[in-house]
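Me: Could you give me a close look at one part of this chain, namely how its helices pack? Please make it one connected answer.

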Amino acid sequence: MTNPLDSYVTCARLVFSAEPTEPNENWDEFEEFEEIFRLFYNNLLCISCKQLLNDPCTPKKQHFSCQHRVCLDCIGKNRATTANCKMCRDFTLFEKSNPTKLVLKLFQELCELIKGSWIYEYIQKRRTNHDTGQSKSLNLMEMIDNGLNYGRNISIIVEDSSCPSSSDG
């Protein structure tokens, strides 16, 4: 698992440096963009519900060998995780993560930038050029749309960083 901020920086660099293409031309960096964007998106998913993180929690600093992320709601509902990580079985070792919340906001803004640029149209054209309609580009568009629709009311407020223990409720 890589650092989502690193993925954001790489992805944003590719988007900002991309030159508009003619309809029949290839964007030379598309494969690199797609790979990094997928990695970025997957690093922002909850290990329990597999959705974009809502009120993200990460392991406390002293337990940082685990880099999984989980929604506060999933901790509260004491949802099972599919990760084979000893630390993820004890959600009391997690705390709210304001840095991850900020990275999620960056993801949303990157998706807005992509949607408003020629890149989104390029992805749509690539999708329609595939026979099955189930290409990677379709999933890429869904990821971008999920980012656009994510947390319209996200508030970036520094809060108490402790997550409730699984016995709280």
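Reply: Happy to! Helices (H or I, at least four residues) and strands (E, at least two) are DSSP runs, numbered from the N terminus. This is a predicted model, in which local features need pLDDT of at least 70 and side-chain atom pairs count only at pLDDT 80 or more, while totals for chains, interfaces and linings use all residues. Residues are numbered from 1 along each chain as its sequence is written, and side-chain values use heavy atoms, with hydrogens and water left out.

Let me set the scene with the whole chain. The chain holds six helices and three strands, arranged from the N terminus as α-α-β-β-α-β-α-α-α. Of its 169 residues, 42% are buried (under 20% relative accessible area; exposed is over 50% and partly exposed lies in between, with a 1.4 Å probe and protein chains only). About 9500 Å² of the chain is exposed, 47% of it supplied by carbon and sulfur atoms; these areas come from the Shrake-Rupley method with a 1.4 Å probe, and for residues only the protein chains shown count as cover. Among contacts (heavy atoms within 4.5 Å) with a separation of 6 or more, 71% join residues 24 or more positions apart.

Now to the packing, beginning with α4. Helix α1 covers residues 4–17 and α4 covers residues 98–115; their axes lie 11 Å apart, at an angle of about 20 degrees. Axes here are lines fitted to C-alpha atoms, for helices over the stretch in contact, and angles run from 0 to 180 degrees between N-to-C directions. That angle makes α1 roughly parallel to α4; under 35 degrees counts as roughly parallel, over 145 as roughly antiparallel, 65 to 115 as roughly perpendicular and the rest as oblique. The crossing of α1 and α4 is left-handed, where left-handed means that the near helix is turned anticlockwise from the far one by less than a right angle, and right-handed that it is turned clockwise. From α1, the residues P4, L5, Y8, C11, A12, V15 and F16 make the contact, and from α4 they are V103, L106, L110, L113 and I114. By class, this contact of α1 with α4 has twelve nonpolar, no polar and no charged residues. For these classes, Ala, Val, Leu, Ile, Met, Phe, Trp, Tyr, Cys and Pro count as nonpolar, Asp, Glu, Lys and Arg as charged, and the others, Gly among them, as polar.

One α4 residue deserves a separate mention. L102 lies in helix α4 and counts as partly exposed, at 42% relative accessibility. Its C-alpha atom is 9.6 Å from that of L5, although L102 and L5 are 97 residues apart along the chain.

Just ahead of α4, the loop from β3 (94–96) holds S97. S97 counts as buried because its relative accessibility is 8%. Leaving aside residues up to four places away in sequence, S97 touches P56, C57 and T58.

Helix α2 (residues 30–42) is another partner of α4: the axes come within 11 Å and cross at roughly 145 degrees. The crossing of α2 and α4 is left-handed. F33, F37, F40 and Y41 of α2 meet V103, F107, L110, C111 and I114 of α4. The contact of α2 with α4 divides into nine nonpolar, no polar and no charged residues.

To complete the picture, α1 also packs on α2, with axes 9 Å apart and an angle of about 150 degrees. The two helices α1 and α2 are therefore roughly antiparallel to each other, and their crossing is left-handed. On the α1 side are P4, S7, Y8, T10, C11, R13, L14 and V15, which meet E32, F33, I36, F37, L39 and F40 of α2. Here the contact of α1 with α2 splits into ten nonpolar, two polar and two charged residues.

Finally, follow α2 onward. N42 belongs to this helix and is partly exposed, at 42% relative accessibility; its C-alpha atom is 9.9 Å from that of T2, with their positions 40 residues apart in sequence. The loop between α2 and β1 (56–59) contains K50, and D55 is found in that loop too. Most residues other than glycine have a negative phi. K50, not a glycine, has a positive phi of about 65 degrees, while the phi of D55, not a glycine, is positive at about 55 degrees. K50 is partly exposed, with a relative accessible area of 43%, and D55 is partly exposed at 29%.
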